[in-house]
Amino acid sequence: VILMYIKCCDAENCSMLMILWLLSVAALSGCAMLFKEQGISVLGICIAYEILLHLKLTPSNMQHLYYKRKSIFRCGVILTTLVLLLIWRTQLMGSGPPKFQPSDNPASFANSTLVRVLTYNYLYA
């Protein structure tokens, strides 16, 4: 998705191509979100990429944002996609926290604190 967003940023002369790349980024992020949370977090990376590398946003050049309308449009589309995907994800989960089972992570359900600590330390090592 990040590589597609970079292609979208490079397609500044052709607006239709930029919109197609943006729609592809949104669709693939939505598909990725169904499997892992990285589908949503990659959109935040795309916004950071836009702000840091394309807008080069600092307090001294805030008045020149009018001339960077395509960058602002891309950020707006990505932010809208992010909000819509978060709302959709919340509705899919039933507006509550996830309910983990012992088969998901057996170490978390161990009765002994020592077993849990040793297991987590082994995993992090």
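**Notebook: helix packing, one ring pair, two cysteines**

I began with helix H2, and I found that its buried residues pack against H1, H3 and helix H4 (69-92). I note here, before going further, that I am working from a predicted model.

Next I looked up which residues of H2 these are, and I listed Met18, Leu22, Val25, Ser29, Gly30 and Met33 as the buried ones. They cover an arc of only 130 degrees around the axis, which puts them on the same side of H2. To understand such a pattern I reminded myself that an α-helix has 3.6 residues a turn, so residues three or four places apart point the same way. I then turned to the other side of H2, where I found Met16 and Leu23 exposed.

I also checked the length of H2, which runs over residues 15-33: its 19 residues reach 27 Å from the first C-alpha to the last, close to the 27 Å expected at 1.5 Å a residue.

I moved on to H4 and made the same check, noting that its 24 residues reach 34 Å from first C-alpha to last, which is close to the 34 Å expected at 1.5 Å a residue. The buried residues that I wrote down for H4 are Ser71, Arg74, Cys75, Ile78, Thr81, Leu82, Leu85 and Arg89, and I found that the buried residues of H4 pack against H1, H2 and H3. Following H4 I came to Gly94, whose phi is positive, near 80 degrees.

Then I asked myself how many aromatic pairs there are. I counted one aromatic pair. The rings of Tyr5 and Tyr49 have their centres 6.3 Å apart and their planes at 80 degrees, and because an angle over 60 degrees counts as edge-to-face, I entered the pair under that name. This pair links distant parts of the chain, since Tyr5 lies in helix H1 (residues 2-10) and Tyr49 in helix H3 (residues 38-55), 44 residues apart.

Are these two tyrosines buried or exposed? I found Tyr5 buried, with a relative accessible area of 1%, whereas Tyr49, at 21% relative accessibility, counts as partly exposed because buried means under 20%.

Last, I looked at the cysteines and wrote down that the structure holds zero disulfides. I looked up Cys8, which is buried with a relative accessible area of 0%, and then Cys75, which is buried as well, with a relative accessible area of 10%. Cys75 was already in my notes, as one of the buried residues of H4.

Methods: Residues numbered from 1 in each chain as written. Predicted model: local features only at pLDDT ≥ 70, side-chain atom pairs only at ≥ 80, totals over all residues. Heavy atoms only, no water. Disulfide = S-S within 2.5 Å. Buried < 20%, exposed > 50% of the residue type's maximum accessible area, 1.4 Å probe, protein only. Phe/Tyr/Trp six-rings, centres within 6.5 Å; stacked < 30°, edge-to-face > 60°. Helix = DSSP H or I, 4+ residues; strand = E, 2+ residues; numbered from the N terminus. Expected span 1.5 Å × (residues − 1). Arc of directions from axis to C-beta. Contact = heavy atoms within 4.5 Å.
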